[in-house]
Amino acid sequence: MSRTILFKNRPQGKPSTSDFEIIQEDNPKPREGEILLKALYISVDPYLRGRMRDEKSYIEPFKLNEPLESMVVAEVVESKNPAFSKGDHVSGMLQWKELQTAKGNGLNRVHKEIAPLSAYLGILGLTGLTAYLGLEKIGDLKAGDTLVVSGGAGAVGSIAGQIGKIKGCMVVGIAGSDEKVKYMEEDLGFDKGINYNTAGDMKKAISECCTDGVDVYFDNVGGEILDAVLANINKDARIINCGAISLYNEKEMPTGPRPEGILIKKTALMQGFLVRDHVKDFGPAFRQLSEWLEEGELVYEETIIEGFDKLPEAFIGLFEGKNIGKMVVKVQ
């Protein structure tokens with residue numbers, strides 16, 4: 001028998017463990033052309049909260065009483081597909097199951113000789129690609145720019161800030177604890193960090209850190225922090241709207257300052273970013289991230305929760321700031 005996690009209820013506000021159900025199923029058997037996969041590491045990501053809403057978006061919402069899915073690193077334990085061999089490791093969008101079959105479409109081989117397998121869900125996975133391509137496609141970084149990153153100690157933000165330093169920028173990170181500020185400044189090499197829980201007036205705090213204004217803002221948070229950064233942007237600034245975790249659990253969308261006046265006055269670009277729109281650029285981006293990682297230009301942190309049954313708890317922990325770097329569940 002193997003376990004599967006089903007989506008049971010659409011949350012009102014922050015998700016709870018009662019929105020998930022763990023069930024036992026017979027072990028699946030691969031048919032001709034299929035492979036049997038054993039999950040090793042499973043990614044939990046803030047955007048999954050959006051898929052819990054029954055509304056049209058850029059990706060199909062989760063269906064009630066069916067398994068959730070996210071990026072998974074798995075091992076091929078049996079193969080009836082000539083393209084895969086027993087013992088291969090792959091990553092791809094898979095269901096929250098300990099064991100499952102697949103035809104192999106959309107799966108990529110990963111190699112533990114190059115990096116730990118969990119890294120393919122983080123710095124060498126969609127997380128790293130999001131940071132790199134968001135800055136590449138919208139950020140248009142130039143040496144000497146001031147880059148501000150919200151969620152700077154999180155999975156995407158921690159990589160985006162480091163790329164800013166590689167590109168010769170002054171980097172300011174925003175996070176929610178002194179521990180995370182210390183991590184950004186001492187481990188990641190950010191020039192300055194701001195704890196939004198103790199800073200008080202965020203508009204002023206950003207102004208004091210970014211004395212020459214903000215040229216590029218990599219936004220993972222949205223809400224009031226976005227408002228505070230917009231008040232400090234320079235002419236021709238670029239704002240990358242990558243995430244808005246501060247709003248994901250809101251029952252009604254709050255009304256904030258209207259940004260259009262600032263954007264017009266500063267002739268600034270503010271653009272939403274979805275990494276899956278740039279699949280054709282994944283290869284070159286992956287090679288560059290791998291090179292920086294091998295050369296020690298990039299470092300990464302993971303918050304690894306052990307146990308398949310801890311998946312709901314790990315996901316909910318994202319909204320409580322319990323992760324530094326990428327949040328991953330190791331399937332035992």
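1. A residue is called buried here when its relative accessible area is under 20%, and on that footing the buried residues of helix 1 are Thr-127, Gly-128, Leu-129, Thr-130, Ala-131, Tyr-132, Leu-133, Gly-134, Leu-135, Ile-138 and Gly-139. Helix 1 is thus mostly covered, with 11 of its 14 residues buried. The model under discussion is a predicted one, and the points below should be read with that in mind.

2. The largest nonpolar core has 47 residues, and those with the most contacts inside it are Leu-133, Leu-135, Leu-147, Ile-163, Phe-218 and Leu-289. Helix 1, which spans residues 126-139, gives the most to this core, contributing 6 residues. Another core lies apart from it, made up of 31 residues, among them Leu-37, Ile-42, Ala-102 and Leu-311.

3. Leu-289 deserves a separate remark. Once its neighbours within four places in sequence are left aside, Leu-289 is in contact with Ile-123, Leu-124, Gly-128, Leu-129, Tyr-132, Ile-159, Ile-163 and Leu-298. Of these partners, Gly-128, Leu-129 and Tyr-132 are listed among the buried residues of helix 1, while Ile-163 is one of the residues with the most contacts inside the largest nonpolar core.

4. On the packing of helix 1 against helix 2 (residues 155-166), the two axes come within 8 Å and cross at roughly 45°. Angles from 35 to 65 degrees fall in the oblique class, and helix 1 and helix 2 are therefore oblique to each other. The crossing in which helix 1 passes helix 2 is right-handed. On the side of helix 1 the contact involves Thr-127, Gly-128, Thr-130, Ala-131, Tyr-132 and Leu-135, and on the side of helix 2 it involves Ala-155, Val-156, Ile-159, Ala-160 and Ile-163. By residue class, this contact of helix 1 with helix 2 divides into 8 nonpolar, 3 polar and no charged residues.

5. The packing of helix 1 against helix 7 (residues 282-294) can be set beside the previous point. Here the axes come within 10 Å and cross at roughly 100°; since angles of 65 to 115 degrees count as roughly perpendicular, helix 1 and helix 7 are described in that way. Helix 1 takes part through Leu-126, Gly-128, Leu-129, Tyr-132 and Leu-133, and helix 7 through Phe-282, Ala-285, Phe-286, Gln-288, Leu-289 and Trp-292. The residues of this contact of helix 1 with helix 7 comprise 9 nonpolar, 2 polar and no charged.

6. Two backbone angles merit a check by eye. Helix 1 is followed by Asp-140, whose phi is positive, near 45°, although Asp-140 is not a glycine. Asp-140 sits in the loop between helix 1 and strand 8 (146-150), and at 44% relative accessibility it counts as partly exposed. Thr-267, likewise a residue other than glycine, has a positive phi near 40°. Thr-267 is found in the loop between helix 6 (260-265) and strand 13 (269-272), and its relative accessibility of 41% makes it partly exposed.

7. Leu-121 lies ahead of helix 1, in the loop between strand 7 (108-109) and that helix, and is buried, with a relative accessible area of 3%. Not counting residues up to four places away in sequence, Leu-121 touches Tyr-41, Ile-42, Ser-43, Met-71, Val-72, Val-73, Thr-127, Lys-326 and Val-328. Its C-alpha atom is separated by 9.1 Å from that of Met-327, although the two residues are 206 residues apart along the chain.

8. Ser-70, in strand 4 (residues 69-79), counts as buried at 0% relative accessibility. Beyond residues up to four places away in sequence, Ser-70 touches Ile-42, Ser-43, Leu-48, Gly-92, Met-93, Leu-94 and Trp-96. The C-alpha atoms of Ser-70 and Ile-42 are 7.1 Å apart, with their positions 28 residues apart along the chain. Ile-42 is also among the residues of the 31-residue core, and it is one of the residues that Leu-121 touches.

9. A last point concerns Ala-231, which is placed in the loop between helix 5 (223-230) and strand 12 (233-241) and counts as partly exposed at 36% relative accessibility. With residues up to four places away in sequence not counted, Ala-231 touches Lys-203 and Ile-262. Ala-231 and Ile-262 are 31 residues apart in sequence, and their C-alpha atoms are 7.4 Å apart in space.

Terms used. Residues are numbered from 1 along each chain as its sequence is written. This is a predicted model: local features need pLDDT of at least 70, side-chain atom pairs count only at pLDDT 80 or more; totals for chains, interfaces and linings use all residues. Side-chain values use heavy atoms; hydrogens and water are left out. A nonpolar core is a set of buried Ala, Val, Leu, Ile, Met, Phe, Trp, Tyr and Cys residues joined through side-chain atoms within 4.5 Å. Buried means under 20% relative accessible area, exposed over 50%, partly exposed in between (1.4 Å probe, protein chains only). Helices (H or I, at least four residues) and strands (E, at least two) are DSSP runs, numbered from the N terminus. Contact means heavy atoms within 4.5 Å. Axes are lines fitted to C-alpha atoms, for helices over the stretch in contact, and angles run from 0 to 180 degrees between N-to-C directions. Angles under 35 degrees count as roughly parallel, over 145 as roughly antiparallel, 65 to 115 as roughly perpendicular and the rest as oblique. A crossing is left-handed if the near helix is turned anticlockwise from the far one by less than a right angle, and right-handed if clockwise. Ala, Val, Leu, Ile, Met, Phe, Trp, Tyr, Cys and Pro count as nonpolar, Asp, Glu, Lys and Arg as charged, and the others, Gly among them, as polar.
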